[in-house]
Amino acid sequence: MRDLKKISTTEVERVLLADADNMDAWEAPITVARSSGPRPEWYGRKEIAIGISVADCGNQVDAQQVYDFVASGATGATVYEFKPSGIAGAAVDSYLVLSAVASVTSIANILWMAYDRFIAPKKPRARDSAYLQIIVQRGNETINLTLGENVSTQQALVEQLKAIVADAEKPELRLNHAAKIRELEESDLWVKIRTGNES
(Lines give C-alpha, C1' and ligand atoms only; values in the text may rest on other atoms or scores of the structure.)
Protein backbone atom coordinates (compact mmCIF):
# COMPACT_ATOMS: atom_id res chain seq x y z
CA MET A 1 0.00 0.00 0.00
CA ARG A 2 1.49 3.34 -0.94
CA ASP A 3 1.92 6.11 1.56
CA LEU A 4 -0.38 9.03 0.88
CA LYS A 5 1.05 12.40 1.76
CA LYS A 6 -1.33 14.47 3.83
CA ILE A 7 -1.74 17.97 2.46
CA SER A 8 -2.15 20.74 4.98
CA THR A 9 -5.15 23.05 4.91
CA THR A 10 -2.84 25.95 4.17
CA GLU A 11 -1.41 24.14 1.13
CA VAL A 12 -4.92 23.30 -0.16
CA GLU A 13 -5.97 26.95 0.20
CA ARG A 14 -2.79 28.11 -1.59
CA VAL A 15 -3.42 25.77 -4.56
CA LEU A 16 -7.08 26.73 -4.81
CA LEU A 17 -6.31 30.43 -4.73
CA ALA A 18 -3.59 30.00 -7.38
CA ASP A 19 -6.15 28.29 -9.66
CA ALA A 20 -9.01 30.66 -8.91
CA ASP A 21 -8.76 32.50 -12.24
CA ASN A 22 -7.71 29.47 -14.32
CA MET A 23 -10.92 28.16 -15.91
CA ASP A 24 -9.15 24.99 -17.12
CA ALA A 25 -8.35 23.99 -13.53
CA TRP A 26 -11.99 23.51 -12.61
CA GLU A 27 -14.29 20.65 -13.49
CA ALA A 28 -17.85 21.14 -14.70
CA PRO A 29 -20.29 21.83 -11.86
CA ILE A 30 -22.27 18.90 -10.54
CA THR A 31 -26.01 19.00 -11.13
CA VAL A 32 -28.39 17.14 -8.88
CA ALA A 33 -31.73 15.98 -10.24
CA ARG A 34 -34.88 17.07 -8.49
CA SER A 35 -36.08 14.57 -5.92
CA SER A 36 -38.98 12.41 -7.04
CA GLY A 37 -40.00 11.62 -3.45
CA PRO A 38 -42.39 13.72 -1.40
CA ARG A 39 -41.02 16.35 0.94
CA PRO A 40 -40.95 15.43 4.62
CA GLU A 41 -44.13 16.28 6.50
CA TRP A 42 -42.43 19.06 8.45
CA TYR A 43 -40.84 20.71 5.40
CA GLY A 44 -41.79 24.35 5.07
CA ARG A 45 -44.00 24.27 8.16
CA LYS A 46 -42.53 26.56 10.78
CA GLU A 47 -45.01 26.24 13.58
CA ILE A 48 -44.74 25.11 17.16
CA ALA A 49 -47.49 23.80 19.45
CA ILE A 50 -47.40 25.20 22.98
CA GLY A 51 -49.70 23.64 25.56
CA ILE A 52 -51.29 25.58 28.41
CA SER A 53 -52.79 24.18 31.58
CA VAL A 54 -54.27 25.82 34.67
CA ALA A 55 -54.04 23.43 37.61
CA ASP A 56 -54.46 23.00 41.36
CA CYS A 57 -56.62 26.10 41.57
CA GLY A 58 -59.73 24.56 43.08
CA ASN A 59 -62.61 27.05 42.98
CA GLN A 60 -60.25 30.00 43.33
CA VAL A 61 -59.49 30.42 39.61
CA ASP A 62 -61.80 30.10 36.62
CA ALA A 63 -59.56 28.23 34.17
CA GLN A 64 -61.82 29.02 31.21
CA GLN A 65 -61.44 32.72 31.96
CA VAL A 66 -57.64 32.28 31.76
CA TYR A 67 -57.84 30.41 28.44
CA ASP A 68 -60.22 33.00 26.98
CA PHE A 69 -57.90 35.82 28.04
CA VAL A 70 -54.88 34.14 26.43
CA ALA A 71 -56.84 33.33 23.25
CA SER A 72 -58.04 36.93 22.88
CA GLY A 73 -54.52 38.33 23.17
CA ALA A 74 -52.44 35.68 21.38
CA THR A 75 -51.76 37.57 18.16
CA GLY A 76 -50.25 35.41 15.42
CA ALA A 77 -51.22 32.14 17.09
CA THR A 78 -53.98 29.69 16.33
CA VAL A 79 -55.73 28.58 19.52
CA TYR A 80 -57.21 25.14 20.18
CA GLU A 81 -59.17 24.06 23.25
CA PHE A 82 -59.85 20.58 24.53
CA LYS A 83 -63.62 20.05 24.15
CA PRO A 84 -64.51 16.38 24.53
CA SER A 85 -68.10 15.34 23.84
CA GLY A 86 -68.10 12.80 26.68
CA ILE A 87 -66.00 12.05 29.73
CA ALA A 88 -62.36 12.57 28.88
CA GLY A 89 -59.33 14.19 30.41
CA ALA A 90 -56.19 15.83 29.08
CA ALA A 91 -52.94 17.01 30.63
CA VAL A 92 -53.25 20.15 28.50
CA ASP A 93 -56.48 22.11 28.10
CA SER A 94 -55.42 24.60 25.44
CA TYR A 95 -52.79 24.82 22.70
CA LEU A 96 -51.30 27.84 21.00
CA VAL A 97 -49.89 27.04 17.57
CA LEU A 98 -47.32 29.74 16.89
CA SER A 99 -46.54 30.52 13.28
CA ALA A 100 -43.16 31.72 12.05
CA VAL A 101 -44.46 35.30 12.04
CA ALA A 102 -45.84 35.26 15.58
CA SER A 103 -44.03 37.45 18.09
CA VAL A 104 -42.70 35.15 20.79
CA THR A 105 -42.30 38.14 23.09
CA SER A 106 -45.96 39.15 22.74
CA ILE A 107 -47.10 35.53 23.32
CA ALA A 108 -44.89 35.29 26.43
CA ASN A 109 -46.24 38.64 27.64
CA ILE A 110 -49.90 37.58 27.28
CA LEU A 111 -49.18 34.31 29.12
CA TRP A 112 -47.49 36.22 31.96
CA MET A 113 -50.37 38.73 32.10
CA ALA A 114 -52.83 35.82 32.41
CA TYR A 115 -50.82 34.37 35.29
CA ASP A 116 -50.38 37.76 36.96
CA ARG A 117 -54.04 38.75 36.63
CA PHE A 118 -55.90 35.51 37.37
CA ILE A 119 -53.60 33.19 39.33
CA ALA A 120 -50.92 35.10 41.27
CA PRO A 121 -53.41 37.11 43.41
CA LYS A 122 -55.24 33.89 44.41
CA LYS A 123 -52.18 31.79 45.27
CA PRO A 124 -52.26 32.52 49.03
CA ARG A 125 -55.85 31.27 49.25
CA ALA A 126 -55.07 28.27 47.07
CA ARG A 127 -52.22 27.27 49.41
CA ASP A 128 -49.60 28.39 46.86
CA SER A 129 -50.30 25.39 44.65
CA ALA A 130 -52.21 27.18 41.87
CA TYR A 131 -50.23 27.53 38.67
CA LEU A 132 -50.24 28.21 34.96
CA GLN A 133 -48.13 25.65 33.18
CA ILE A 134 -46.69 25.87 29.67
CA ILE A 135 -45.92 22.49 28.14
CA VAL A 136 -43.88 21.93 24.97
CA GLN A 137 -42.98 18.56 23.52
CA ARG A 138 -39.28 18.23 22.65
CA GLY A 139 -38.80 14.87 20.95
CA ASN A 140 -39.30 12.23 23.66
CA GLU A 141 -39.06 14.83 26.42
CA THR A 142 -41.47 17.43 27.70
CA ILE A 143 -40.48 20.96 28.67
CA ASN A 144 -42.57 22.30 31.57
CA LEU A 145 -42.51 25.99 32.42
CA THR A 146 -44.52 26.67 35.57
CA LEU A 147 -45.20 30.37 36.00
CA GLY A 148 -44.57 31.55 39.52
CA GLU A 149 -42.41 28.51 40.32
CA ASN A 150 -39.61 27.51 37.94
CA VAL A 151 -40.30 30.68 35.92
CA SER A 152 -40.42 33.57 38.38
CA THR A 153 -40.34 36.68 36.16
CA GLN A 154 -41.85 37.88 32.91
CA GLN A 155 -38.38 38.40 31.39
CA ALA A 156 -37.39 34.82 32.27
CA LEU A 157 -40.51 33.56 30.47
CA VAL A 158 -39.69 35.63 27.37
CA GLU A 159 -36.11 34.29 27.27
CA GLN A 160 -37.08 30.66 27.86
CA LEU A 161 -39.91 30.74 25.31
CA LYS A 162 -37.59 32.30 22.70
CA ALA A 163 -35.06 29.51 23.31
CA ILE A 164 -37.78 26.84 22.97
CA VAL A 165 -39.07 28.29 19.70
CA ALA A 166 -35.52 28.59 18.28
CA ASP A 167 -34.82 24.99 19.31
CA ALA A 168 -37.98 23.84 17.54
CA GLU A 169 -36.38 24.75 14.19
CA LYS A 170 -34.32 21.54 14.31
CA PRO A 171 -35.68 19.15 11.64
CA GLU A 172 -36.23 16.25 14.05
CA LEU A 173 -38.24 18.51 16.38
CA ARG A 174 -40.19 20.15 13.55
CA LEU A 175 -41.45 16.68 12.68
CA ASN A 176 -42.78 16.27 16.25
CA HIS A 177 -44.51 19.64 16.17
CA ALA A 178 -46.03 18.92 12.76
CA ALA A 179 -47.47 15.67 14.13
CA LYS A 180 -48.96 17.44 17.18
CA ILE A 181 -50.44 20.19 15.00
CA ARG A 182 -51.96 17.60 12.64
CA GLU A 183 -53.51 15.88 15.68
CA LEU A 184 -55.03 19.18 16.82
CA GLU A 185 -56.37 19.88 13.33
CA GLU A 186 -57.87 16.43 12.77
CA SER A 187 -59.08 15.35 16.22
CA ASP A 188 -62.71 15.76 17.30
CA LEU A 189 -61.46 16.44 20.85
CA TRP A 190 -59.78 19.72 19.91
CA VAL A 191 -61.70 22.76 18.69
CA LYS A 192 -60.09 25.69 16.91
CA ILE A 193 -61.38 28.80 18.64
CA ARG A 194 -59.12 31.38 17.05
CA THR A 195 -57.08 31.48 13.85
CA GLY A 196 -53.59 32.97 13.82
CA ASN A 197 -54.42 35.71 11.32
CA GLU A 198 -57.36 37.06 13.32
CA SER A 199 -56.65 40.37 15.00
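Start by selecting Trp112 and Tyr115: both sit in helix 3 (residues 104-119), 3 residues apart, which is about one turn of the helix. Keep in mind as you click around that this is a predicted model. Are these two side chains buried or exposed? Trp112 is buried, and Tyr115 is buried too.

Stay on helix 3 and show what lies beneath. This helix lies across strand 1, strand 2 (77-82), strand 3, strand 4 and strand 5. Against strand 4, helix 3 runs at about 150°. Now add helix 4 (residues 154-167), which lies across strand 1, strand 3, strand 4 and strand 5. Helix 4 runs at about 160° to strand 5.

Next, hide the helices and look at the sheet. In what order do the strands come? The sheet is open, has 6 strands with antiparallel pairing, and reads 5-4-1-3-2-6. Colour strand 5 and strand 6: they stand at the edges with a single partner strand each, so one side of each has no neighbour in the sheet. Tilt the view and you can follow the twist, which averages 25° from one strand to the next.

Now zoom in on strand 4 (residues 131-138) and strand 5 (residues 141-147). These two run antiparallel and are joined by 7 bridges. To see one of the matched positions, pick Gln137, whose bridge partner in strand 5 is Thr142. Then go to the turn: the hairpin of strand 4 and strand 5 has 2 residues between the strands, and Gly139 there takes a positive phi near 65°.

Move across to the other neighbour of strand 4. Strand 1 (residues 48-55) pairs with strand 4 in the antiparallel sense, over 5 bridges. Select Val54 and you'll find it opposite Leu132 in strand 4. While you're here, switch on the side chains: in a regular strand they alternate between the two faces of the sheet.

Last stop, the aromatics. How many aromatic pairs does the structure hold? There are 4. One of them is Tyr95 with Trp190, an edge-to-face pair at 5.2 Å centre to centre, with 70° between the planes. Why is this pair worth a click? Tyr95 belongs to strand 3 (residues 94-98) and Trp190 to strand 6 (residues 190-194), so the pair ties together parts 95 residues apart in sequence. Both Tyr95 and Trp190 are buried. For another ring pair, go back to where you began: the ring centres of Trp112 and Tyr115 are 5.2 Å apart with the planes at 55°, so this pair counts as tilted. Finish by adding Phe82 to your selection of Tyr95 and Trp190, since these three form one aromatic cluster.

Technical notes
Residues are numbered from 1 along each chain as its sequence is written. This is a predicted model: local features need pLDDT of at least 70, side-chain atom pairs count only at pLDDT 80 or more; totals for chains, interfaces and linings use all residues. Side-chain values use heavy atoms; hydrogens and water are left out. Two strands pair if DSSP finds at least two bridges between them. Helices (H or I, at least four residues) and strands (E, at least two) are DSSP runs, numbered from the N terminus. Rings of Phe, Tyr and Trp (its six-membered ring) pair if their centres lie within 6.5 Å; planes under 30 degrees apart count as stacked, over 60 as edge-to-face and the rest as tilted. Buried means under 20% relative accessible area, exposed over 50%, partly exposed in between (1.4 Å probe, protein chains only). Axes are lines fitted to C-alpha atoms, for helices over the stretch in contact, and angles run from 0 to 180 degrees between N-to-C directions. Contact means heavy atoms within 4.5 Å.
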